[in-house]
Amino acid sequence: MTLHRVAISSTGIYVPQEVITNEELVASFNSYVQLENAQHASEIAAGTFTPLVESNVEFIEKASGIKRRHVMDKSGVLDPTRMRPRLKPRADEELSLMAEIAVAAAQDALQRAGKTAADVDGVICAAANMQRAYPAMAVEIQGALGIQGFAFDMNVACSSATFGIEMAVNAVKTGSVRAVLVVDPEITSPHLAWKDRDCHFIFGDVCTAILVERLDTAPAGSFEVLGTKLQTSFSNNIRNNAGFMSRSEDRNPEDRDQLFRQEGRKVFKEVCPMAAEHISKHLAAHGLAPAGVRRFWLHQANLAMNLFISRRLLGRDPTPEEAPIILDEFANTASAGSIIAFHQNHADIQSGEVGVICSFGAGYSIGSVIVRRT
Ligand code: COA
């Protein structure tokens, strides 16, 4: 069997227009805290209710590096009597919200590569949350784009995009398809516990798309995929228990375990060394060393995590151009983060230079993609 060389031809993005700054977020969170504490004043006085504590902008920026986030709906999140986005249900005949933003990002990617739906044989919708169980989001997106072939959904939390890239690369490599669109519609705001001070600032919404195709049909300046490497190791430290059994378990959708929750400190301590080692080993398997890498497009969850990983790899602080940060603008966008970093920071990479896209997150899951500019 002839194996084809494979490239990332282009990436595309959809960015929601609405933005919540840390100042706006904290003001609404603190209003919520004041309302709750006022409502429970007598229980607080009796010692039967622990008063809620306010959040603050300085903590958020120092602990995470996040300054603002884009969201699908700002008003619902900032309403202190609601604290979750307000999303309108759509009729079955309408394009669903996740599909809508995935189509926009996919069209952006196709246009940047000078390709059309006729050049693509498959769609993978890879994201941390799916809007529904079935039919697969990917099949709806495929239909809306007018792509022949197949489509399927996959979820590996924050590593969904890199895992999706490996699936796409392997399918193109073996010749079963000419090109695959990997779309990552990360609408994270509905699964975030906006009432939880420890994590209310963490996530933002976005969608990225990646066009993976045979190198011999890819446009000049595309990025050849030299290798992909995936790793998982079970951990309870990032969890969301919401699922199709929740109803039968008589769960309230507001129950704390039905939303994103994490042991942030443990995640930090355990995932950073794993990710650094994963990247080093992956590079070594290709006869490469971190010092020879022009750019690391890392998962964007926390600034200190990225600095830690880059220091482990390089033995010193990275420059902003060696490991670009986008989470100040976008917050953690689950699997889309490393793809946004790549999307916004690849134009200056010279022919022959090597870079690494790497994600890490719940599972735990780590995925790396080594690319070389053509
Ligand atoms: N405003 C003000 N203070 C806050 C606060 C807020 N919103 N949230 C927490 N604090 C306080 C805590 O009460 C605690 O106070 P104490 O020391 O008096 O007990 C202190 O800040 C430190 O809290 P902690 O939760 O330990 O903060 P942290 O430094 O670990 O930062 C995260 C929290 C979540 C930013 C950080 O742990 C992180 O990013 N971890 C990795 C998470 C990650 O990447 N997950 C992947 C998801 S895909």
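User: How much space lies in the second largest pocket?

Analyst: In this predicted model, the second largest pocket holds about 170 Å³ of space.

User: Which residues of the lining lie nearest the centre of that pocket?

Analyst: A lining is best read from its centre outwards. Here 14 residues line the second largest pocket, and those nearest its centre are Ser9, Ser10, Thr11, Gly221 and His346.

User: Which element supplies the largest share of the lining?

Analyst: Strand E1 does, with four residues. Both E1, which spans residues 6–14, and helix H11 (337–344) supply at least two residues each.

User: How many residues of each class does the lining of the second largest pocket have?

Analyst: The lining comprises seven polar, five nonpolar and two charged residues.

User: What is the order of the strands in the sheet, and is the pairing mixed or uniform?

Analyst: A sheet is read by following its strands from one edge to the other. In this structure nine strands form an open sheet, ordered E5-E4-E6-E7-E1-E8-E13-E12-E11, and the pairing is mixed. Strand E5 (150–154) and strand E11 (295–298) are the edge strands, each pairing on one side only. From one strand to the next, the twist averages 25 degrees.

User: How many bridges join E1 to strand E7, and do the two run parallel or antiparallel?

Analyst: E1 and strand E7 (residues 206–214) run antiparallel and are joined by eight bridges. Ser10, one of the residues nearest the centre of the second largest pocket, has Leu211 in E7 as its bridge partner.

User: Which helices lie across the edge strands, and at what angles?

Analyst: Such packing is described by the strands that a helix crosses and by an angle. Helix H6 (residues 137–145) lies across strand E4 (122–126), E5 and strand E6 (179–186), and runs at about 140 degrees to E5. For helix H9 (residues 303–314), the strands crossed are E11 and strand E12 (354–361), with an angle of about 145 degrees to E11.

User: Where is His4 found, and does His4 count as buried, partly exposed or exposed?

Analyst: His4 is found in the segment before strand E1. His4 counts as partly exposed because its relative accessibility is 21%, whereas buried means under 20%.

User: Which residues does His4 touch, beyond those up to four places away in sequence?

Analyst: With those sequence neighbours not counted, His4 touches Val172, Lys173, Thr174, Gly175 and Arg214. The last of these, Arg214, belongs to strand E7 (residues 206–214).

User: What separation is found between the C-alpha atoms of His4 and Val53?

Analyst: These C-alpha atoms are separated by 57 Å, and the two residues are 49 residues apart along the chain.

Key. Residues are numbered from 1 along each chain as its sequence is written. This is a predicted model: local features need pLDDT of at least 70, side-chain atom pairs count only at pLDDT 80 or more; totals for chains, interfaces and linings use all residues. Side-chain values use heavy atoms; hydrogens and water are left out. Buried means under 20% relative accessible area, exposed over 50%, partly exposed in between (1.4 Å probe, protein chains only). Contact means heavy atoms within 4.5 Å. Two strands pair if DSSP finds at least two bridges between them. Axes are lines fitted to C-alpha atoms, for helices over the stretch in contact, and angles run from 0 to 180 degrees between N-to-C directions. On a 1 Å grid over the protein atoms alone, a cavity is a set of points where a 1.4 Å probe fits but cannot get out, and a pocket is an open set with protein on both sides within 12 Å along at least five of seven lines; lining residues have an atom within 4 Å of a point. Grid points are joined across faces, edges and corners, and a volume is the space filled by probe spheres set on the points. Ala, Val, Leu, Ile, Met, Phe, Trp, Tyr, Cys and Pro count as nonpolar, Asp, Glu, Lys and Arg as charged, and the others, Gly among them, as polar.
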